[in-house]
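Visitor: I am new to this structure and should be grateful for a close look at a single part of it. Please begin with one helix, and then set that helix within the rest of the protein.

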Amino acid sequence: MKVLIVEDDFTSRLLMQGLFEPYGLTHTCVNGREGVEAFRKALEDNAPYDLVCLDIMMPDMDGQAALKQIREIEENAGIFSTSGVRIIMTTALDDRKNIMTAFKEQCDAYLVKPIDREKLLDTLRSLNLI
């Protein structure tokens, strides 16, 4: 599995990398703009990500905007969300508005921090990633 972790907090990035280490390759970005560009580059290089984990509260571009742009990139490439990258929102925000917005923009799952290892693994299983 090839995973892109988009997270501005250093400690959270390290934690997420550690959780994914047994399952494949991880790359990290510190904001949504970097995450969108990393996603675009991987797709152009024919080496797409299997999973993107997006924080919502980040500088420069938040996770909601990054989610929308990633889905637009896929749509422009003829890839629709059912066959595209799996996207899990990994955030401290658990309010209804953010959750509904994320699913409206076609995230696949929404996990609230602190990320519970077992919930993450259950989510990865339900998305057929492990």
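Guide: Let us begin with helix α5, which spans residues 117-126 and holds both Asp122 and Arg125. These two residues are three positions apart, about one turn of the helix. The model in which they are seen is a predicted one. Asp122 and Arg125 form a salt bridge, with 3.0 Å between their closest N and O atoms. As for cover, Asp122 is partly exposed, at a relative accessible area of 46%. Arg125 is likewise described as partly exposed, and its relative accessible area is 41%.

The chain on either side of this helix also deserves attention. The loop between β5 (109-112) and α5 contains Pro114. The peptide bond that leads from Lys113 to Pro114 is cis, and its omega is near -5 degrees. On the other side, the segment after α5 contains Asn128. Asn128 is not a glycine, yet its phi is positive, at about 55 degrees. With a relative accessible area of 69%, Asn128 is exposed.

A positive phi is also found at Asn46, another residue other than glycine, where the angle is near 60 degrees. Asn46 belongs to the loop between α2 (32-44) and β3 (51-54). This residue counts as exposed, with a relative accessibility of 70%.

The salt bridge in helix α5 may now be placed among others. A search of the whole structure finds eleven salt bridges. One of them joins the side chains of Lys41 and Asp45, with an N to O distance of 2.8 Å. Lys41 is partly exposed, its relative accessible area being 47%, and Asp45 is partly exposed as well, at 44%.

Another salt bridge brings together the side chains of Glu105 and Lys104, with 3.5 Å from N to O. Here the two partners fall into opposite classes. Glu105 counts as buried, because its relative accessibility is 17% and the limit for a buried residue is under 20%. Lys104, by contrast, is exposed, with a relative accessible area of 63%. Salt bridges also link Arg71, Glu74, Arg86 and Asp108 in a network.

These pairs belong to a wider set of charges. The protein carries 15 positive and 22 negative side chains. The centres of the two sets lie 3 Å apart.

Let us now step back to the fold. The protein contains five helices and five strands. Read from the N terminus, the order of the elements is β-α-β-α-β-α-β-α-β-α. The radius of gyration is 13 Å, close to the 14 Å that the globule rule gives for 130 residues, so the protein is as compact as a globular protein of that length. Along the principal axes, the C-alpha atoms fill a box of roughly 35 × 35 × 25 Å.

The contacts and the surface add to this picture. Among contacts with a separation of 6 or more, 61% are between residues 24 or more positions apart. Of the 130 residues, 45% count as buried. The accessible surface of the protein comes to about 6,800 Å², and carbon and sulfur atoms account for 50% of that area.

Two further residues help to show distances across the model. Thr11 lies in helix α1, which comprises residues 10-20. Thr11 counts as exposed, at 56% relative accessibility. From Thr11 to Ala47 there are 36 residues in sequence, and their C-alpha atoms are 27 Å apart in space.

Phe80, the other residue, is placed in the loop between α3 (63-76) and β4 (86-91). Phe80 counts as exposed, because its relative accessibility is 51% and an exposed residue is one over 50%. Phe80 and Pro59 are 21 residues apart along the chain, and 28 Å separates their C-alpha atoms.

To return to the helix with which we began: Asp122 and Arg125 stand about one turn apart in α5, and their salt bridge closes to 3.0 Å between the nearest N and O atoms. Before this helix comes the loop with Pro114, and after it the segment with Asn128.

Definitions and conventions. Residues are numbered from 1 along each chain as its sequence is written. This is a predicted model: local features need pLDDT of at least 70, side-chain atom pairs count only at pLDDT 80 or more; totals for chains, interfaces and linings use all residues. Side-chain values use heavy atoms; hydrogens and water are left out. Helices (H or I, at least four residues) and strands (E, at least two) are DSSP runs, numbered from the N terminus. The radius of gyration is taken over C-alpha atoms; the globule rule is 2.2 Å times the number of residues to the power 0.38. Buried means under 20% relative accessible area, exposed over 50%, partly exposed in between (1.4 Å probe, protein chains only). Contact means heavy atoms within 4.5 Å. Accessible areas come from the Shrake-Rupley method with a 1.4 Å probe; for residues, only the protein chains shown count as cover. Lys and Arg count as positive and Asp and Glu as negative; His and the chain ends are not counted. The place of a charge is taken as NZ of Lys, CZ of Arg, CG of Asp or CD of Glu. A salt bridge is a side-chain nitrogen of Lys or Arg within 4 Å of a carboxyl oxygen of Asp or Glu.
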